[in-house]
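Q: Please take a close look at one part of this protein: the opening helix and the sheet it leads to. I would like the details set out in order.

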Amino acid sequence: MLISAEERLGRARTVLERRLMTPADLLSPEIAASWTRCLEHGLDPSQPPQIDQLDDAELRHARDAAGVLRPLVLAEMETLYDQISGSNFMIAFALTNGLILDTISDRTFNPMARTTNIQPGGLWSELGCGTNALGSAAASQRAITVHGGEHFFSRYGKLTCTAAPVFGPDGTVAGVLDASSDCSSRQQHTRALVSMAATQIENGLFREHHRGAILLAFHNRAEYLHTLSAGLMAIDASGTVLNMNLRARLFLQGLPTQAGRRFRDIFRTSFGEFIDTGKRDQRVRLQDRAGSVFVASIETLQPMTTVLPIPALVARSSPGTPVPSFVALDPSVMKAMRDVEAAARRRLPILIRGETGTGKEQLARHAHAASGRGGTFVPINCGALPESLIEAELFGHAEGAFTGSRRGGAVGLVAQADRGTLFLDEIGDMPLSLQTVLLRLLDDWTVRPVGGGATRPVDVLLIAATNVDLADHVARGRFRADLYYRLDTIEAILPPLRERVDFRPIVKHLLRTVSPDTEIEDAALAFLETQAWPGNIRELRNLLTRLTLTQEGGVLRLASVAACIGAAGMPASPRLKDQTTERIVTVHRDLGGNLSAAARRLGVSRNTVYRALARQKNV
């Protein structure tokens, strides 16, 4: 006689609770194995232990220690949150010891989260909390779904949790990604989405770890080359294999894939020929020594040689990499970096948005460095260009073309950027007459000096930056719509300093820059976090410079920091936060309570909207 899944689970729990045994015939293999581990560790299903909880300082230390992993995870958690429809659910990420670093939850799930203590700082190891998706995925190193009564302790019987391990470049588990809901909100596709998100994080870790190496992606089907199923391989300039991801090892099963082997040991195509072809073509045909054929593309051709001076990006060196790579400890900045890198390699126009002082030019210089272009980075302040000399400044001029023209003529800024990058700063201030001239350049990428001379083609990566809403300028007739759509191929948004999750590392990095022998106490850091920072990173740097001029070396104390801020008349953040919260709550209400729509309208993350709603609720 067939029995339902619910009846089987009910019988299994009876055996577990009365006889302290695992009825393997009534459970899936993964749940049975977890129950067995819990019993062997001495856990009693009738006596759930208290969940350990780290204090704020310990949690902050753990988050800092996670390094590049955390921003990659936070960005993917946001995406996963958007993908899982419905309500009453939470996305969480934990380290291998079960320590939850971050969560994003639907408001309707919050009571459940408080009851079960699923919150940052909670320790959810399998040996501490019994069978649960976070802990059991870490213990088994496999994706797992734990539904209702499958939890070892019945107190979690109203939860359905799905988790997948995240593997680091060295093959060890770096953490676990989880999606939890109440049992009635369970969705069949959640496990696939969580596993895909975990793979995305793994690929991001691989790329970050091998930043500076030659990175290639390959697949046996061309249409899957730029998907999560592609193999990734890191190689040095001599053709020595540094590492490859799990998918690459599966593609090349039976071949020598360990680090230290040569490119020629794996593929029939010579390394030099592959690189030469990859410079010319976006896709390269590769055949391995076993005869399998792949389509490959070179994601990173040459190591970056320019250090990105954005203070919020903390340098982190990978073993064997002579040039340091950069870790954005804020997921929004990390995403902006990835976006501009990918666009620059394909010579796509880039638009960078952000308030003054957020590091737009530095991000543009990073894009230039990532592009591998051999030409010059040429910055132009659009608001400072004289309207009467716009064309001459951009395209150059012949001698005697106009009164005051240079002897011998001038080549022009666009030609100076040939084979390099043209950076148009504050493009929102560009006069309409200049917009017309720029649009003509974008149409054919040729320049002709004012007053005569031959037309010449140019190869330029165009990056524009602004601190205004260009779409609003288009609606008001201040900016040409056709130019806006040409520039807005890839948009990278840099968040203001007051919204950054990596404020403290920014302060410490800046302090090392302006005064390497000076430190700052935690109380002073906490006070700086309460400020509005309308001038963003530039304003923060200026303040730290003033402080270190009067106190060179030693430790910056709260009293001196507060006194300096008071003397400067800097606005405090609470008032600004109140105004921001009110604005977010109003937009959220006007859009019928749609969290995603409010985030898109305001140009912020869902987490920012959620935090504002939580602040308003607690008022």
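A: A contact here means heavy atoms within 4.5 Å of each other. The model is a predicted one.

With that cut-off, what covers the buried residues of H1? The cover includes helix H2 (29-40) and strand S3 (144-147). H1 itself takes in residues 5-19, which makes 15 residues. From its first C-alpha to its last it reaches 21 Å, close to the 21 Å expected at 1.5 Å a residue.

The residues of H1 that count as buried are Leu9, Ala12, Arg13, Val15 and Leu16. They lie on the same side of H1, because they cover an arc of only 160° around the axis. An α-helix has 3.6 residues a turn, so residues three or four places apart point the same way. The other side of H1 carries Glu6, Arg18 and Arg19, which are exposed. Arg13 is thus listed among the buried residues, while Arg18 and Arg19 are exposed. Just after H1, Leu20 has a positive phi of about 50°.

S3, part of the cover over H1, belongs to an open sheet of five strands. The strand order is S2-S1-S5-S4-S3, and the pairing is antiparallel. S2 (100-105) and S3 are the edge strands, each with a single partner strand, so one side of each has no neighbour in the sheet. On average, neighbouring strands of this sheet are turned by 15° against each other, direction ignored.

The partner of S3 in that order is S4, which spans residues 159-167. Four bridges join S3 and S4 in the antiparallel sense. One position can be named on each strand: His147 stands opposite Thr160 in S4. Strands of a sheet pair through backbone hydrogen bonds, either parallel or antiparallel.

A further helix, H7 (residues 133-140), lies across the sheet strands S1 (89-94), S2, S3, S4 and S5 (173-182). H7 runs at about 35° to S4. S3 therefore appears in two settings, as part of what covers the buried residues of H1 and as one of the strands that H7 lies across, with its place at an edge of the sheet.

For the setting as a whole, the protein chain has 619 residues, of which 50% count as buried. Its secondary structure comes to 25 helices and 21 strands. Among contacts with a separation of 6 or more, 62% are between residues 24 or more positions apart.

Technical notes
Residues numbered from 1 in each chain as written. Predicted model: local features only at pLDDT ≥ 70, side-chain atom pairs only at ≥ 80, totals over all residues. Heavy atoms only, no water. Buried < 20%, exposed > 50% of the residue type's maximum accessible area, 1.4 Å probe, protein only. Expected span 1.5 Å × (residues − 1). Arc of directions from axis to C-beta. Pairing = 2+ DSSP bridges. Axes fitted to C-alpha atoms, helices over the stretch in contact; angles between N-to-C directions.
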